[in-house]
Amino acid sequence: MVGLVVETHCNFFAPLQYPGAIEAGVRVARVGTSSVRYEIGLFADAAATSAASGHFIHVYVERGTRRPVALPKDLLTALAPAADGSFTTQRFRCGGCRCRDHLAALGARASSTRRCRIDTVSDILRVAARAPSGTNTQPWRVTVLKGFALAELSRRVGQAYDDPVQREAHTQEYDYYPTRWISPYIERRRKVGWDLYGLLGIGKTDHQRMHRQHARNYKFFDAPVGLIFTIERILEKGSWLDYGMFLQNIMVAARARGLDTCPQAACAPFHRVIEEFLQLPAGEMVVCGMSMGVADPQAIENTLVTERAPVEQFARFLDCGRT
Ligand SMILES: Cc1cc2nc3c(=O)[nH]c(=O)nc-3n(C[C@H](O)[C@H](O)[C@H](O)COP(=O)(O)O)c2cc1C
């Protein structure tokens, strides 16, 4: 099943400025058997009248036949809070722990009204794509998920992870880590793991809580935006090197805009679920995921400061010249 936008319209009344604060209101104007009509209003900060208003209609169809299907129960549940026809707006304040609650809610509900900077993710990706790549090949491909799409992917991957039989059947397509660990990597890996679990009060034998903590990956840590990174299979190690630079640029560009990120290789073992949900072409594979939002400074796990080996341990400085 897939949702198609069959109608879209917008009236523009006044300019909006970048950078600037936008208040965006969304209401569910009509819920049909297989369609939903959403209405949108965009307001400049503190403005009483909208700068733009419009609507779009989603029709849900069966992917193969393109015949309309009944709205799924999950979507009806997600729409319910906004389906009373009222058009309310809610202030969204960036940079505080309240923000995290709002962001989390936005991830869970397709039709919330929040104030946020429009196109921030797109802007971050535009800047990040300035990353260098061998002969400017730019091997990255990104799917940005929000709202219902993010909630649905989280649900599907989470379900596969929670079921021991399914979990066993999902293996990664590429080796992120070595099959045989050696020093000093294994010690570093263990240390960061135990430091995190230590902060969370998870004991070394508490496998249930470890499982639940790892499962937070598949909820994208309650962030409002999840990104899935993919690459064409024919591309080689060099392109993966380029990819790392692109990922790092995204994380740095996000910080510059007051957002936090967590890259997630944890998504890789569930690539089949992701490929199906995103309808990826056969020639494309999942590299990793990433959560993006505003980190909750009150969350104990966010206080973890990871260690780094001193420069002398990983660098040597040779000087063949005369002194
Ligand atoms: C490509 C990549 C994949 C990662 N995957 C995960 C992940 O699946 N889950 C997670 O919680 N952290 C993940 N991390 C975060 C690392 O654990 C983290 O970067 C490392 O421990 C260093 O901590 P710092 O980033 O806070 O300095 C990933 C990092 C990278 C670069």
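Here are some short exercises, each with a worked solution, on the predicted model shown above.

**Exercise 1. Getting an overview**

Find how many helices and strands the chain has, and what share of its residues is buried.

*Solution.* Start by counting elements: the chain has ten helices and nine strands. Next, look at burial: of the 323 residues in the chain, 24% are buried. Finally, consider contacts between residues at least 6 apart in sequence: 75% of these join residues at least 24 apart.

**Exercise 2. A strand in the open**

Work out whether strand S1 (residues 2–12) is largely in the open or buried, and find its pairing with S4.

*Solution.* Step one is to go through the eleven residues of S1: the number buried is zero, so the strand lies largely in the open. Step two is to look for the pairing: ten bridges link S1 with strand S4 (residues 52–61), and the sense is antiparallel. As a landmark, you can find Val2 opposite Val61 in S4.

**Exercise 3. From S2 to S4 by way of S3**

Trace how S3 pairs with S2 and with S4, then describe the surroundings of Glu39.

*Solution.* Begin with strand S2 (residues 22–31), which pairs with S3 in the antiparallel sense over nine bridges. These two strands form a hairpin, with three residues between them. Now follow the bridges: Ala24 has Leu42 in S3 as its partner, and Leu42 in turn has Ala52 in S4 as a bridge partner. S3 and S4 are antiparallel too, joined by eight bridges.

Now turn to Glu39, which sits in strand S3 (residues 35–44). Leaving out residues up to four places away in sequence, Glu39 touches Arg27, Ala29 and His55. Ser53 is 14 residues from Glu39 in sequence, and their C-alpha atoms are 7.5 Å apart. To judge exposure, count neighbours: 18 other C-beta atoms lie within 10 Å of Glu39, so the residue is partly exposed. The cut-off for buried is 20 or more.

**Exercise 4. An open sheet**

Give the order of the strands in the open sheet of four strands, and say which strands stand at its edges.

*Solution.* Reading across the sheet gives S6-S7-S9-S8, with antiparallel pairing. Strand S6 (141–146) and S8 stand at the edges; each has a single partner strand, so one side of each has no neighbour in the sheet. From one strand to the next, the twist averages 25°. Inside the sheet, S7 and S9 are joined by eight bridges, and one pair to look for is Val225 with Met292 in S9. Helix H8 (residues 237–256) packs on this sheet and touches S7, S8 and S9. The direction of H8 makes about 155° with that of S8.

**Exercise 5. One face of a helix**

Name the buried residues of helix H9 (residues 271–278) and explain why they line one face.

*Solution.* The buried residues of H9 are His271, Val273 and Ile274. Look down the axis of H9: these buried residues fall within an arc of 160°, so they line one face of the helix. Here is a helpful rule: an α-helix has 3.6 residues a turn, so residues three or four places apart point the same way. Next, ask what the buried residues of H9 pack against: helix H4 (147–162), strand S7 (225–232) and strand S9 (284–293).

**Exercise 6. Around the ligand**

Sort the shell around the ligand by class, and find which strand gives the most to it.

*Solution.* First list the residues that surround the ligand: Val192, Asn217, Cys262, Pro263, Gln264, Ala265, Ala266, Cys288 and Thr306. Sorting them gives six nonpolar, three polar and no charged residues. Strand S8 (residues 260–264) gives the most, with three residues.

**Exercise 7. Backbone details**

Find the peptide bond that is cis, and look at phi in Gln138 and Asp222.

*Solution.* Recall the background: most residues other than glycine have a negative phi, and most peptide bonds are trans. The bond from Ser183 to Pro184 is cis, with omega near 5°. Pro184 is in the loop between helix H5 (164–169) and helix H6 (185–200). Gln138 is not a glycine, yet has a positive phi of about 45°; it is in the loop between helix H3 (120–128) and S6. Asp222 also has a positive phi, near 65°, and lies in the loop between helix H7 (207–215) and S7.

Conventions:
Residues are numbered from 1 along each chain as its sequence is written. This is a predicted model: local features need pLDDT of at least 70, side-chain atom pairs count only at pLDDT 80 or more; totals for chains, interfaces and linings use all residues. A residue is buried if 20 or more other C-beta atoms lie within 10 Å of its own, exposed if 12 or fewer, and partly exposed in between; C-beta atoms are placed from the backbone. The arc is that of the directions from the helix axis to the C-beta atoms. Two residues are in contact if their C-beta atoms, placed from the backbone, lie within 7 Å. A residue is near a molecule or strand if its C-beta atom, placed from the backbone, lies within 6 Å of it. Ala, Val, Leu, Ile, Met, Phe, Trp, Tyr, Cys and Pro count as nonpolar, Asp, Glu, Lys and Arg as charged, and the others, Gly among them, as polar. Two strands pair if DSSP finds at least two bridges between them. Axes are lines fitted to C-alpha atoms, for helices over the stretch in contact, and angles run from 0 to 180 degrees between N-to-C directions.
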